[in-house]
Amino acid sequence: MKHIVIVGNGIAGITAARHIRKLSDYKITVISSESKYFFSRTALMYIYMGQMKYEHTKPYENWFWEKNRIELKYDKVESINIERKNLQLTKELLEYDQLILATGSNYNTLPNINPDIKGVQGLYHLQDLEKLEENTKNIKKAVVVGGGLIGVELAEMLISRNIEVTFLIREDAFWGNVLPIEEANIVTQHLAKMGVKVLINTELKEVHSSVNQRVVSILTSKDEKKDCEFVGLTIGVSPNIDLVKNTSIESQKGILVNEYLKTSEPDIYAIGDCVEHRNPPSGRKAIEQIWYSGKLMGETVAKSICGSLTKYEPDIFYNSAKFFEIEYQVYGKIAQILVANERTFYWGNAENNQCIRINYDAESNSVIGIHALGIRLRQATCEKWIRDKNTIQHVLVHFEDANFNPEFSKPFINAMLEKYNLEYPEKPILIKKNKSITNFISKIFN
């Protein structure tokens, strides 16, 4: 019987295992040195905040794996022998017929920071959460470095324990290298309202420690000293390619794969955060470390391994997050800076932490991307508009179809249409108003 071995039990590796089981009777082994059981990585923050326990983050009961004949090994892969098709584990030698590498990411560090200083760490693995518990016990002040998604999550975690947080962001506003400035400003201002001390255009220069190697303060790029007992490094993550570095499996920043997620070696695939695409799908990046992408890669590689060679062809780009309680969604292409032949329409209500941005093609008026802050939209509807190349006028007229809360949507939708008509009087959109809606619009624009 063919033996499929999967290294890594994150969303990519486990999705591959589940779909291979659905499609075949192959022997399946999943190896992880992080945890024996699959858990939701995005839920780690809620364990720290006391809203969940570890067992609540496991999507499947422990009996699920034996019932579905998926063997779990809690062990570390030390090396790969490609010629003999086996893996050297800490405890044993394991042979495979086909191998799937789903080794995930590692958090980035800074070359000028001593990694041995106690109280300095990143956050990605389950072990990082355990270390965070130890490093933040009974502390009062923390510094978070890096204005991305993990950074804002870590800030919220620390604030939940009444730890004073100073947030160092090297751009003009939070996530300023990704978000357009209006959205970035809304989030930055909201972080301040939540008690986070945000320092923009500021980087970490030095970390100072005590005689027992415990962090006591930092020095910023502006030569400002900040006392603290913890430093969170959230300056992004990089593909974990440690396992392939001394092999013939080709890698650059990530493990290189073709359109079928095959590596440079026969019978070895790579999926998830560790992957770098040789020829990225249209409109996508070579390295795309997103939960949804990992899930799709798992489904795709399962089909190929089970006899139906399948290309990795992601649909409309989608991502979501939360900045404290502000929900964020992006569909399609929303560049920080518009490129040639792109136009944008933006409506925002900063007081309510809400905004909608719609990017579209200047010639055809077809929508290419949608941003939403503080307003939850229906994924299928937004993706269909972009896929069908509907015009911005069509999207605005039918925008209520995408809103999860239609009973509350009329006021902001009509305010959005009013703004559009002010900007494009030559192509007005009919607005159905009543007295309460008119008052709402008046309040926003006055």
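A pocket, as used here, is an open set of grid points with protein on both sides within 12 Å along at least five of seven lines. Keep that in mind for a later stop; this is a predicted model, so let's begin with its confidence.

**Stop 1: colour by pLDDT.** The chain averages 94, with 96% of its residues at 70 or more. Now select residues 434–446, where pLDDT stays under 50. The model gives this stretch 17 contacts beyond four places in sequence. Where pLDDT is low, predicted coordinates should not be read in detail.

**Stop 2: the largest nonpolar core.** Select Ile80, Leu87, Leu99, Ile100, Leu101 and Ile271, the residues with the most contacts inside this core of 49 residues. Then add helix α1 (residues 11–23), which contributes the largest share, 6 residues. Zoom in on Leu87: leaving aside neighbours within four places in sequence, its contacts include Val5, Val7, Ile31, Val77 and Ile80. Ser79 and Glu92 also touch Leu87.

**Stop 3: another core.** Apart from the largest core lies one of 42 residues; to find it, pick Leu132, Ala142, Val196 and Val330, which are among its members.

**Stop 4: the second largest pocket.** Which residues lie nearest the centre of this pocket? Select Tyr292, Leu296, Asp315, Ile316 and Gln379. The pocket holds about 260 Å³ of space and has 14 lining residues. Show α7 (291–305) and α8 (379–387) next, as each supplies at least two residues of the lining. The most comes from α7, with 5 residues. Colour the lining by type and you will find 7 nonpolar, 2 polar and 5 charged residues.

Key
Residues are numbered from 1 along each chain as its sequence is written. This is a predicted model: local features need pLDDT of at least 70, side-chain atom pairs count only at pLDDT 80 or more; totals for chains, interfaces and linings use all residues. Side-chain values use heavy atoms; hydrogens and water are left out. pLDDT is the predictor's confidence in each residue, from 0 to 100. Contact means heavy atoms within 4.5 Å. A nonpolar core is a set of buried Ala, Val, Leu, Ile, Met, Phe, Trp, Tyr and Cys residues joined through side-chain atoms within 4.5 Å. Buried means under 20% relative accessible area, exposed over 50%, partly exposed in between (1.4 Å probe, protein chains only). Helices (H or I, at least four residues) and strands (E, at least two) are DSSP runs, numbered from the N terminus. On a 1 Å grid over the protein atoms alone, a cavity is a set of points where a 1.4 Å probe fits but cannot get out, and a pocket is an open set with protein on both sides within 12 Å along at least five of seven lines; lining residues have an atom within 4 Å of a point. Grid points are joined across faces, edges and corners, and a volume is the space filled by probe spheres set on the points. Ala, Val, Leu, Ile, Met, Phe, Trp, Tyr, Cys and Pro count as nonpolar, Asp, Glu, Lys and Arg as charged, and the others, Gly among them, as polar.
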